[in-house]
Amino acid sequence: MADCFIVRQQNYYIELTLNTIGLKILIIDEDNVLAKYLKQSDQEVFKIISQKLSAIADNTLCIMSGDQVLDFPFSLNDKLLLVKYLNSLSNIGEKSIGSLPLFYNAKSVPTPLASMVSYRELAPSFLADYMISEEENVAEIQKYLIPSHDEFDRVIWENRNVLGLTPSELLSYNTTDSEAYLINLVDEAQSNTDLSNLINNVYEASEKVKTKFIDRINAFSLNDDIVYEEDSFESKVINLAIATLNDPSEFANKIIYKNKSFSEYSIDEDIICKYTEGDTEKSIKIPLVKLLPAYVNNTIGIHDLRRLFKVSKGFDKLLKTHPKPLNEVFVEVNKLLTLPDREFPIWPNARGNGIQYLFVSFYRRNNRGWNNRYVPDINLGAQSNEFIFEILDFLYKNNITVSSSPFTYHLYKFFTGFYFIDTMISKEESILPVIEAWANSDEKRHKYLSENGVKDGSAKEIRFRRMLIENQRIDYIENLTTSDINNGLSFVCSKLDLTFPLVGDNQVETIKILSEKTGVNIKKNINLVELSSLSREWDSSEYTTWIQNHYPHIYFYDGNMPYFLDYGNIHICQIASDKNYHYEPSSKKLYINRNVELTPLLFSLATQQGIPFNTNDYRILCMDGKVSVSKDEIAAKNEEIKSLKSRVEELECLLNGRNVHFGGTSSGLSKKDQYAALIEAQQALKSKRPDWNFPIGFGERNDDGTPSCFTVETVQNEEGNNMEIVIKSYKKTDERFHINPEEWEAVVKRRAKLLVYTYFKGELDIVEIPKDELVRKQSSIQISFDTSNLDEEKYPNKISEFASILRYFQQITFGFNQFHIPKDAVKVKDISSKRDLTITSAEDEDI
């Protein structure tokens with residue numbers, strides 16, 4: 001009876017329809033005796049039809065797959081009649097009818113109406129399985145189809161696992177809030193791969209969805225050999241965590257790097273070195289593993305993470321690490337390299353690396369406040385190229401100011417005052433070749449060294465050398481320091497294959513100007529070879545008789561006396577002086593300019609010391625039997641003596657009330673002790689003001705033990721401006737304090753800073769003494785000088801010139817009994833280029 005229908009009355013159209021699908025009709029009216037035995041409920045009828053339709057649908061699918069199965073012709077009209085019939089059955093509703101695979105979908109597959117939506121022409125292709133065919137999309141069956149507003153939930157969402165849509169495509173068909181659906185997808189994800197398909201949608205979702213998504217992420221490893229693109233899952237999920245979580249470091253436990261999660265690292269890869277430069281606080285990072293290699297696998301830095309990603313903004317929020325304390329690093333570095341804990345005069349060669357040296361110098365200088373022998377000096381030229389490159393790269397990368405940073409307490413001397421290699425620069429003046437090679441590899445590196453004190457051939461002091469050699473006029477000599485000039489002359493005389501003496505007009509003029517500058521090591525010496533070879537002895541009868549029992553021999557030379565200007569043992573140039581005579585003690589010969597009037601000259605020589613020619617000799621040669629001195633000449637001499645007396649009276653008035661004495665008091669120290677005191681003061685000044693640039697050799701000795709630099713020198717202050725200083729040592733404050741004329745003139749006239757190395761407020765320091773304090777607050781002053789230069793030959797007008805210019809005399813000093821250091825003196829470390837002393841105008845009471 002599975003294929004048989006029992007009906008009470010005949011219905012031709014229904015019978016035909018049921019026959020079409022293979023069901024037979026048995027008509028038994030109510031009067032038939034079998035009626036009470038052969039009964040079928042409406043539900044049974046529906047079941048038979050449903051089973052038959054399911055079989056037909058299965059057959060249709062088999063036919064479509066290629067199997068040979070009998071098909072039943074079933075028109076749309078038949079289907080509608082069947083629906084009408086089923087609808088007439090009791091207890092058979094729309095839901096039951098909709099479940100029957102009676103109508104075709106868009107692929108001509110029998111499909112339940114309740115699983116399909118109405119046909120529409122522009123529907124997406126994946127809906128073909130779930131959309132009624134265009135031919136059967138009639139009004140009579142619309143109520144059995146899925147309403148359009150339920151299309152997403154009942155078709156797309158329910159069949160999401162078979163439709164093959166990406167999450168973005170899937171959710172794009174949802175016209176309502178997609179948060180619940182997205183959360184459902186996140187919950188359904190079984191792996192990070194599943195989650196990666198959702199991440200683009202999550203980026204646009206609510207915080208609730210993002211948080212849910214991040215929570216579902218499984219731990220993932222980063223490959224050290226891969227650079228992750230911005231659209232990679234790893235990059236996207238890290239950025240999502242950074243943007244979403246209040247504490248992104250919570251996500252670090254899901255990032256595995258080198259077999260450890262990021263959350264397992266606690267020590268930062270860098271230490272932080274902080275120090276103050278001027279008004280700015282600087283923070284410099286140093287990789288911990290460069291100082292302590294043992295930490296290579298125990299530290300992590302954000303750059304370890306960043307270098308794996310093309311885009312890494314905000315990645316630092318993932319890490320919760322702290323730098324290792326500097327004091328611990330210092331102790332461990334000392335232990336690692338077997339370095340002393342306190343006094344440490346010089347870094348051992350071939351020990352450690354450049355970064356370790358810089359850190360040790362920094363910590364000792366900045367954190368401990370040590371200096372001198374407690375901060376290690378270094379023989380940089382004895383270190384490896386790698387060691388030096390590490391130092392240079394670090395200084396350049398961090399833009400360290402070499403002259404003043406605690407990293408470069410001793411290193412500055414390899415830069416400041418040195419030059420890039422040039423033909424006009426000696427090897428001793430050039431930076432180390434390895435530093436030059438480093439700088440030449442990049443223009444920016446070259447610029448960095450230039451900004452930190454390394455000069456090149458364009459420096460004025462080097463152009464001075466070139467212009468002197470090329471016989472050019474030099475119009476900026478006043479801008480050169482004595483060190484610039486002496487170093488330049490030393491180079492010209494010893495480093496180049498030149499022919500001396502120089503004969504160019506500009507060369508000779510320049511050397512003459514230089515010879516007159518204080519501190520320039522040019523000496524004027526008589527050209528005795530020329531003088532003796534070109535002179536002729538006096539041959540008058542008076543002289544011939546006189547010379548038999550007297551001396552000196554008198555020779556005549558055609559012109560003023562010829563002199564060399566010497567630098568060392570080099571006759572750098574030859575000049576004709578303004579002197580009309582020269583006495584040579586070794587040969588007892590007196591050379592005289594034959595073109596001047598002889599009688600007045602001999603008269604002046606007769607009154608000078610140092611020449612064995614007196615007034616009696618003059619009388620014999622020039623007066624016996626003749627008048628040799630005119631009244632006008634005598635009157636002129638008397639006038640000169642009168643003027644001298646007047647000037648002496650002025651000087652006495654000037655000094656009145658000052659308790660000033662003229663005497664021969666000397667410093668009481670040997671030359672060796674004086675040199676040592678000066679060098680000690682210069683070295684102390686360099687340590688107090690590392691931000692100043694000092695002349696080459698400042699605080700050092702020459703080969704003969706003398707100081708390389710003098711008490712009066714020009715330095716560059718912290719702003720790079722030239723500043724003249726006078727540096728003095730006065731450690732024994734119960735002794736006299738001495739100032740020579742050059743020092744006096746520099747302080748009083750040129751406003752040089754007088755810096756005194758002395759005891760101030762109970763400690764040894766360097767203080768600046770204002771000019772006005774130099775005289776006014778002192779109890780007494782003594783002016784002393786050596787009288788060896790009081791000879792007529794060298795200074796014929798010595799008496800009158802003494803009254804106005806004291807510097808003609810050797811060993812002159814202004815002696816102060818127990819020099820007074822004022823309470824408002826300023827320590828040299830506090831001197832700023834923005835602060836200067838108030839210079840008052842000269843007064844009669846000033847000396």
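Which residues do ring pairs link into a cluster with Trp 546? In this predicted model, ring pairs join Trp 538, Tyr 543, Trp 546, Phe 556 and Phe 613 into a cluster. The close-up views below begin with that cluster.

**View 1. Aromatic cluster containing Trp 546 and Phe 613.** The count of aromatic pairs comes to 27, with ring centres required to lie within 6.5 Å. The ring centres of Trp 546 and Phe 613 are 6.0 Å apart and the planes stand at 75°, so this pair is edge-to-face. Trp 546 belongs to helix α24 (residues 541–547), whereas Phe 613 lies in the loop between α25 (598–606) and α26 (615–623); the pair therefore ties together parts that are 67 residues apart in sequence. Trp 546 is buried, at a relative accessible area of 2%. Phe 613 also counts as buried, with 1% relative accessibility.

**View 2. Aromatic pair of Tyr 730 and Phe 737.** These two rings meet edge-to-face, with 5.1 Å from centre to centre and 80° between the planes. Tyr 730 is buried at 3% relative accessibility. For Phe 737, which is likewise buried, the relative accessible area is 1%.

**View 3. Lysine side chains over tyrosine rings.** Lys 79 is positioned over the face of Tyr 104, 3.8 Å from the ring centre. At a second site, the charged end of Lys 579 sits over the ring of Tyr 581, at 4.8 Å from its centre.

**View 4. Open sheet of three strands, with helices α21 and α22.** The strand order is β12-β15-β16, and the pairing is antiparallel. β12 (522–526) and β16 (570–576) stand at the edges with a single partner strand each, so one side of each has no neighbour in the sheet. From one strand to the next the twist averages 30°. Five bridges pair β12 with strand β15 (residues 562–567) in the antiparallel sense, and Lys 524 stands opposite Leu 565 of β15. Helix α21 (residues 482–494) packs on the sheet and touches β12, β15 and β16; the direction of α21 makes about 100° with that of β15. Helix α22 (residues 505–515) also packs on the sheet, where it touches β12, β15 and β16, and its direction makes about 95° with that of β16.

**View 5. Strand β18 and its partners β14 and β17.** Four of the five residues of strand β18 (residues 589–593) are buried, so the strand is largely enclosed by the rest of the structure. Strand β14 (residues 553–557) runs parallel to β18 and is joined to it by five bridges; Ile 554 has Leu 590 of β18 as its bridge partner. Strand β17 (residues 581–584) pairs with β18 in the antiparallel sense over four bridges, and Tyr 581 has Ile 592 of β18 as its bridge partner. β17 and β18 form a hairpin with four residues between them, and Lys 588 in the turn has a positive phi of about 55°. Tyr 581 is also the residue whose ring lies beneath the charged end of Lys 579 in View 3.

**View 6. Crossing of helices α18 and α19.** The axes of helix α18 (residues 433–440) and helix α19 (residues 443–451) come within 6 Å and cross at roughly 125°. This angle makes α18 oblique to α19. The contact involves Ile 435, Trp 438, Ala 439 and Asn 440 on the α18 side, and Arg 445, His 446, Tyr 448 and Leu 449 on the α19 side.

**View 7. Surroundings of Gln 356 in helix α16.** Gln 356 lies in helix α16 (residues 354–367). With 4% relative accessibility, Gln 356 counts as buried. Apart from neighbours within four places in sequence, Gln 356 is in contact with Lys 290, Leu 291, Leu 336, Leu 337 and Trp 347.

**View 8. Strand β24 between β23 and β27 pairings.** Strand β24 (residues 763–769) is mostly covered, as five of its seven residues are buried. Strand β23 (residues 753–760) runs antiparallel to β24 and is joined to it by seven bridges, with Tyr 757 opposite Ile 766 of β24. These two strands, β23 and β24, form a hairpin with two residues between them; Lys 761 in the turn has a positive phi of about 55°. β24 also pairs with strand β27 (residues 826–827) in the antiparallel sense, over two bridges. The bridge partner of Val 767 in β27 is Lys 827.

Methods
Residues are numbered from 1 along each chain as its sequence is written. This is a predicted model: local features need pLDDT of at least 70, side-chain atom pairs count only at pLDDT 80 or more; totals for chains, interfaces and linings use all residues. Side-chain values use heavy atoms; hydrogens and water are left out. Rings of Phe, Tyr and Trp (its six-membered ring) pair if their centres lie within 6.5 Å; planes under 30 degrees apart count as stacked, over 60 as edge-to-face and the rest as tilted. Buried means under 20% relative accessible area, exposed over 50%, partly exposed in between (1.4 Å probe, protein chains only). A charge sits over a ring if NZ of Lys or CZ of Arg is within 6 Å of the ring centre and within 35 degrees of the ring normal. Two strands pair if DSSP finds at least two bridges between them. Axes are lines fitted to C-alpha atoms, for helices over the stretch in contact, and angles run from 0 to 180 degrees between N-to-C directions. Contact means heavy atoms within 4.5 Å. Angles under 35 degrees count as roughly parallel, over 145 as roughly antiparallel, 65 to 115 as roughly perpendicular and the rest as oblique.
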